[in-house]
Amino acid sequence: MNLPVRTELAVLQPIELYEAQAVPVDLLRLDLIHPVISGNKWFKLSKWLEKAQREGKKGILTAGGPYSNHIVATACAAAEFGLPSAAIIGAEPTAAGNSTLREAAAYGMVFHFVPRSVYRQYKTDLAASGFLADDWLGIPEGGQGPEGVAGAASIADLVPQRDEYTHIVCAAGTGTMAAGLAVAATPRQKVIVISSLKGEDKLSTAIRQSLPPEKRENISVHTGYHFGGYAKHPQSLLDYMNQLYRLTEIPTDIVYTSKMIYALEDLLKNHYFPPGSKILAIHSGGLQGNRSLPAAALIF
Ligand SMILES: *Cc1c(COP(=O)(O)O)cnc(C)c1O
């Protein structure tokens with residue numbers, strides 16, 4: 001398969017978040033592999049797209065919110081594979097004017113806008129929507145499902161000496177990437193999951209359910225770093241993102257990676273990681289989401 005992304009651009013960047021940081025951290029820059037099919041989205045989609053090819057599907061139907069990174073990534077990836085795409089969007093039709101959906105439409109994606117109440121059902125049961133043609137492949141919201149987990153597990157293949165790390169730290173929405181990283185982890189590695197959702201055990205349950213029993217113990221989900229809820233971005237978060245950029249030149253997104261790095265810094269400062277730890281943090285991309293902000297909000 002000819003890859004539309006350049007995984008060799010995903011460098012490992014050592015980062016120092018504050019002066020007395022005692023534990024080394026390497027950041028895997030998945031944000032660099034492609035300008036549109038950003039970060040973890042490519043990996044979660046890859047096995048779904050292989051399935052579409054294998055089964056001779058004629059198009060891709062997926063689901064997402066109106067600012068979803070997954071929607072843009074799917075639209076672009078499907079176009080790269082020569083497949084038409086459509087998406088069920090849980091929003092009013094006026095959302096079609098926002099920059100995320102305009103970009104997806106430019107890749108040929110067609111939208112079905114549905115009220116949020118029914119979206120909740122359709123996002124993982126695409127067939128129930130009536131929009132899924134027999135010869136199209138349905139990809140659940142965020143690329144979740146066994147194919148998404150298997151694809152996310154291949155993120156670990158990008159990391160030389162990956163067994164040296166004691167902890168892998170990542171952001172989570174559906175938890176599909178986290179589950180994939182847990183599948184790829186050795187029994188001695190811990191996967192530290194920073195939830196972007198407000199106060200939920202649901203995420204932890206969802207991740208554990210998608211894992212074989214022997215992989216469930218290595219996961220620890222942290223729910224105290226959502227900054228007010230999913231996609232909420234108070235000024236304090238924007239200030240943190242700008243400060244991080246000044247210090248490290250690493251751009252982050254308002255929904256996932258900024259909260260993940262903030263959490264990582266907080267855990268480091270609270271000596272959460274024992275001496276001798278070595279941390280792999282995943283920059284899962286998602287920078288397009290920042291376009292919903294006013295132009296002057298961020299310095300990058
Ligand atoms: C979609 C996304 C996530 C969440 O991935 P899940 O597999 O749904 O948990 C994390 N980070 C970024 C940047 C994303 O775009």
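The structure holds eight aromatic pairs (ring centres of Phe, Tyr or Trp, its six-membered ring, within 6.5 Å). This is a predicted model, where local features need pLDDT of at least 70, side-chain atom pairs count only at pLDDT 80 or more, and totals for chains, interfaces and linings use all residues. Residues are numbered from 1 along each chain as its sequence is written, and side-chain values use heavy atoms, without hydrogens and water.

**Exercise 1.** Classify the aromatic pair of Y230 and Y256.

*Solution.*
- Take the distance: the ring centres lie 6.0 Å apart.
- Take the angle: the planes stand at 70°, and the pair is edge-to-face (over 60 degrees; under 30 is stacked, the rest tilted).
- Locate the partners: Y230 sits in the loop between β9 (219-222) and α8 (235-248), and Y256 in the loop between α8 and α9 (257-269).
- The two are 26 residues apart, so the pair links distant parts of the chain (helices are DSSP runs of H or I, at least four residues; strands of E, at least two; numbered from the N terminus).

**Exercise 2.** Are Y230 and Y256 buried or exposed?

*Solution.*
- Cut-offs: buried is under 20% relative accessible area, exposed over 50%, partly exposed in between (1.4 Å probe, protein chains only).
- Y256 has 16%, so Y256 is buried.
- Y230 has 41%, so Y230 is partly exposed.

**Exercise 3.** Which residues form one aromatic cluster?

*Solution.*
- Y225, F227, Y240 and Y262 do.
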